[in-house]
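This briefing addresses the fold of a single chain. Please view the sequence and the model together before reading on.

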Amino acid sequence: MSIDMNLHRVFTETLATLPPATRAKIEAFWRKQRVPEHDGRLVPVVLKKPNLGVGSLCANTDGVIFNFKSAVVDQAPEDILRICIAHELAHAYRAAELCMPLNDATAYGHSSRNCEEGAADKLTKEWGFDRARLLDWLAQNETALGL
Ligand SMILES: [Zn+2]
């Protein structure tokens, strides 16, 4: 388990761009889940892993702990990484609405995964992030990223 400080910075900055009420809701949820505070600011544990499970292109989260694929974090331009982070924060917002990590939510069974992804994508777009750009970049760098 490793925390990448650059990823941590970009994550914190992306969180700061969300609408204040949205950010407050996510942070209140993290407080309840006892996420540790870093530098006096409440941010979740951000991990970087060489590879993620099937179905995770560049990152995954239960809404509390965030895992990012190493190759994406190391190679993606910062604006692309921000889109990826925003999408994962959308899952965190959804977890905050359920008041439980997504892995614990009975509503988040295998069959409803597409529904969860669709809802996260919709939120990400509302927050002003263009997921199509992330997907384009991933497609263009598929081989280098080992996808
Ligand atoms: Zn997702």
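The points below treat overall form, the sheet and the nonpolar core in turn.

The model is predicted: local features require pLDDT of at least 70 and side-chain atom pairs count only at pLDDT 80 or more, while totals for chains, interfaces and linings use all residues. Residues are numbered from 1 along each chain as its sequence is written. The secondary structure of the chain amounts to 7 helices and 5 strands, where helices (H or I, at least four residues) and strands (E, at least two) are DSSP runs numbered from the N terminus.

**Overall form**

- From the N terminus on, the order of elements is α-α-β-β-β-β-β-α-α-α-α-α.
- The chain has a radius of gyration of 14 Å, which agrees with the value near 15 Å for a compact globule of 147 residues; the radius is taken over C-alpha atoms, and the globule rule is 2.2 Å times the number of residues to the power 0.38.
- Along the principal axes, the C-alpha atoms fill a box of roughly 40 × 40 × 30 Å.
- Of the contacts with a separation of 6 or more, 64% join residues 24 or more positions apart; a contact requires C-beta atoms, placed from the backbone, within 7 Å.

**The sheet**

- An open sheet of 3 strands has the order β3-β5-β4, with mixed pairing; two strands pair if DSSP finds at least two bridges between them.
- Because β3 (46–49) and β4 (59–61) each have a single partner strand, they stand at the edges, and one side of each lacks a neighbour in the sheet.
- Neighbouring strands of this sheet are turned by 20° against each other on average, direction ignored.
- β4 pairs with β5 (residues 66–69) in the antiparallel sense over 3 bridges, and Thr61 stands opposite Phe66 in β5.
- Helix α4 (residues 78–98) lies across β4 and β5 and runs at about 20° to β4; axes are lines fitted to C-alpha atoms, for helices over the stretch in contact, and angles run from 0 to 180 degrees between N-to-C directions.

**Burial and the nonpolar core**

- Buried residues make up 31% of the 147 residues; a residue is buried if 20 or more other C-beta atoms lie within 10 Å of its own.
- The largest nonpolar core (buried Ala, Val, Leu, Ile, Met, Phe, Trp, Tyr and Cys residues joined through C-beta atoms within 7 Å) has 33 residues, and Ile26, Phe68, Cys84, Ile85 and Leu89 have the most contacts inside it.
- At least two residues of this core come from each of α1 (5–16), α2 (20–32), β5, α3 (70–75), α4 and α6 (131–140).
- With 11 residues, α4 gives the most to this core.
- Beyond its neighbours within four places in sequence, Cys84 is in contact with Cys58, Ala59, Val72 and Leu134.

Key: Contact = placed C-beta atoms within 7 Å. Buried ≥ 20, exposed ≤ 12 C-beta atoms within 10 Å, placed from the backbone.
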